[in-house]
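Here's a quick briefing to read alongside the structure. Have it open and follow the points by topic.

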Amino acid sequence: MKKYVITYDIGTTGIKTCLIEIDKSMKILGSDTEGYNLYVDDETGVKGGAEQDADEWWNAMCVTTKTVFEKVPNVKKEQIEGISFCSAMQGLVLVDKNGECIRRPMTYMDQRAREELKNGIAHGVQVAGAEVTKLLKYLKYTGAVSSSVKDPIWKYKWVEAHEPDNYRKIYKWLDIKEYLICRCSGEFVMTTDSAFATLLYDTRKGHEGWCKPICDMVGVNINHLPPIKKCTDKVGEITEKAAAELGLAVGTAVYGGGGDASLIGVGAGAVEIGDTHIYSGTSGWVGTVCEKQTVDAGAMMAAIVGADPESYNYFGELETSNKCVGWVKDHLALDEIGVFLKKYGNAADSLEQIEFNMYDYLEEVIDTIPAGSNGVIFTPWLHGNRCPFEDPNAAGMFFNIRLETGKTELIRSVVEGICFHMRWMLERQELKVKTSKSVRFCGGGALGAATCQILSDILQRDIEVVDSPQNIGAVGAAACIVVGTGIIPKMKDVKKLIPANTVYHPNKANKAVYDKNFEVFKNLYKCNKKNFEILNG
């Protein structure tokens with residue numbers, strides 16, 4: 001029998017809500033999106049701050065839930081088998097006993113806690129940014145180390161140091177989707193992947209759970225941490241109050257779901273050992289499924305706990321990926337927007353439709369420029385960087401501009417710069433794990449054929465794209481319900497439901513220019529690390 005579920009893909013700047021039919025495959029019947037604000041720096045009152053408003057998340061969730069039912073009128077709220085989530089990770093949402101936020105949540109992008117990181121772990125004799133004895137203790141218990149200023153531990157410690165009144169009000173520390181689960185069901189929980197992302201989770205066989213030795217070492221009150229559940233668990237039911245606000249039936253099952261780093265690979269069909277996927281949304285990453293925990297502390301890469309308890313995701317992140325293309329649209333392609341409107345503009349189009357078509361037009365523009373952007377190279381570090389080097393001071397740059405350089409070269413170089421960084425992380429991953437010859441590419445960046453071909457040429461690998469690659473987080477969230485209800489036995493079985501829709505093969509003729517530019521790309525950080533520190537430190 002056909003079953004229906006609703007999933008919420010909660011990103012950095014907006015939510016996408018999907019009503020999905022589960023039969024012999026998973027089919028999105030209707031979807032809706034709603035944006036919300038990201039408050040940074042001056043808007044937070046502190047340098048490096050990046051916060052969001054939890055009520056804006058909830059309002060977006062309510063609006064989009066009601067809209068998808070309007071778009072799919074033949075499915076009623078009583079037919080919904082359950083709801084699930086895929087969300088950004090490593091947020092810090094501190095709540096009281098009523099589940100209400102004590103302060104505005106901090107996102108993964110927040111970089112304010114530099115002093116807390118230094119005092120907590122980045123002092124003394126260091127290896128890979130961590131004091132060596134603490135590093136060894138971390139690796140013993142968790143298989144990873146909290147040595148990034150963006151890790152939630154240091155944000156928590158910042159609140160303790162700078163907002164003692166708020167700190168005293170803390171009942172539980174939640175992540176983004178866990179807050180929304182609480183608001184839906186009244187339950188305070190955290191899924192295993194979110195728990196691991198706090199870097200306070202003991203991954204040793206037979207000891208899985210919150211790790212008291214690590215909590216004691218970094219000064220985290222273990223009582224602030226909620227019970228841990230599997231991503232596929234039913235963790236609660238929709239309350240009467242939440243049902244009225246969302247437009248769902250009282251008692252609808254709420255499943256744990258997972259973080260974006262856990263479920264986007266699942267939604268892309270990269271679920272078997274050795275499968276590699278690349279994601280390009282606001283942020284981006286390279287992930288490879290592996291059998292055991294692996295860590296490369298020098299590159300800030302680790303095999304993280306995901307939605308499948310039988311495997312790990314070896315993971316390296318780029319802070320701003322397709323966000324760089326959005327930056328191009330907003331700040332660099334102004335002349336091109338004028339040309340686009342004259343050539344393609346339609347007075348009946350909404351602003352959202354115009355922006356969507358503009359990305360298609362930019363794809364056409366970059367496809368007119370030869371591989372290598374005539375020597376121009378862009379670094380996509382618009383909000384610092386994490387892998388394969390951690391540096392919140394790093395920034396974007398255009399390198400090797402000449403008199404004959406045009407705006408279109410700059411635009412293409414941005415896409416190539418994102419792809420170069422993905423190659424850098426992929427090659428670093430290969431030092432520890434075996435990656436796949438064919439790579440699944442997903443996220444909004446995978447919607448453009450020119451971008452897909454550039455990635456294939458730079459990696460010199462086949463690039464596989466599934467149907468609706470921008471919606472795969474929602475598909476991954478649905479997979480949690482599919483496995484949780486026993487429709488399919490294991491996460492690995494999801495792959496047969498998600499075939500590749502298009503395959504891009506590498507153009508060998510472009511290998512030489514991309515290999516040359518890639519070497520320069522890697523050198524740009526090494527040669528400018530001190531300059532970034534002078535300007536941004």
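**Strand 18 and its sheet**

A hairpin of three residues links strand 18 to strand 19. Keep in mind that this is a predicted model. From that hairpin we'll go out to the rest of the sheet, then to another set of strands, a helix pair and a loop residue.

*Pairing around strand 18*

- Strand 18 (residues 276-280) and strand 19 (residues 284-290) run antiparallel, with five bridges between them.
- Two pairs help you find the register: Ile278 has Val286 of strand 19 as its bridge partner, and Ser280 sits opposite Gly284 in strand 19.
- Strand 18 also pairs with strand 25, this time in parallel, through four bridges.
- On that strand 25 side, Tyr279 has Cys442 as its bridge partner.

*How covered is strand 18?*

- Strand 18 is mostly covered, with five of its five residues buried.
- In a regular strand, side chains alternate between the two faces of the sheet.
- Here both faces are covered: Thr276, Ile278 and Ser280 are buried on one side, and His277 and Tyr279 are buried on the other.

*The whole sheet*

- The sheet is open, has eight strands and mixes its pairing; the order reads 20-21-22-19-18-25-26-27.
- Strand 20 (295-296) and strand 27 (500-504) are the edges: each has a single partner strand, so one side of each has no neighbour in the sheet.
- Helix 15 (residues 449-459) packs on this sheet and touches strand 18, strand 25 (438-442), strand 26 (462-466) and strand 27.
- The direction of helix 15 makes about 145 degrees with that of strand 26.

**Strand 1 and its partners**

- Strand 1 (residues 3-10) is mostly covered too, with seven of its eight residues buried.
- A hairpin of three residues takes strand 1 into strand 2.
- Strand 1 and strand 2 (residues 14-22) run antiparallel and share eight bridges; for a marker, look at Tyr4, whose bridge partner in strand 2 is Glu21.
- Strand 1 runs parallel to strand 6 (residues 80-87), with seven bridges joining them.
- Within that pairing, the bridge partner of Tyr8 is Phe85 in strand 6.

**Helix 11 against helix 14**

- Helix 11 (residues 323-332) packs with helix 14 (residues 407-429) at an angle of about 160 degrees, and their axes are 9 Å apart.
- That angle makes helix 11 roughly antiparallel to helix 14.
- The two helices, 11 and 14, cross in a right-handed way.
- From helix 11, the contact uses Cys324, Val325, Val328 and Leu332.
- From helix 14, the contact uses Lys407, Leu410, Ile411, Val414, Val415 and Ile418.
- Sorted by class, the contact of helix 11 with helix 14 has nine nonpolar residues, no polar ones and one charged one.

**A loop residue: Ala249**

- Where does Ala249 lie? Ala249 is in the loop between helix 9 (240-246) and strand 16 (253-255).
- Is Ala249 buried or exposed? Its relative accessibility is 15%, so Ala249 counts as buried, the cut-off for buried being under 20%.
- Leaving out residues up to four places away in sequence, Ala249 touches Lys77, Glu78, Ile238 and Ala243.
- Ala249 and Lys76 are 173 residues apart along the chain, yet their C-alpha atoms are separated by 9.3 Å.

How values were computed: Residues numbered from 1 in each chain as written. Predicted model: local features only at pLDDT ≥ 70, side-chain atom pairs only at ≥ 80, totals over all residues. Heavy atoms only, no water. Pairing = 2+ DSSP bridges. Contact = heavy atoms within 4.5 Å. Axes fitted to C-alpha atoms, helices over the stretch in contact; angles between N-to-C directions. Buried < 20%, exposed > 50% of the residue type's maximum accessible area, 1.4 Å probe, protein only. Parallel < 35°, antiparallel > 145°, perpendicular 65-115°, else oblique. Left-handed = near helix turned anticlockwise from the far one by under 90°. Nonpolar A, V, L, I, M, F, W, Y, C, P; charged D, E, K, R; others polar.
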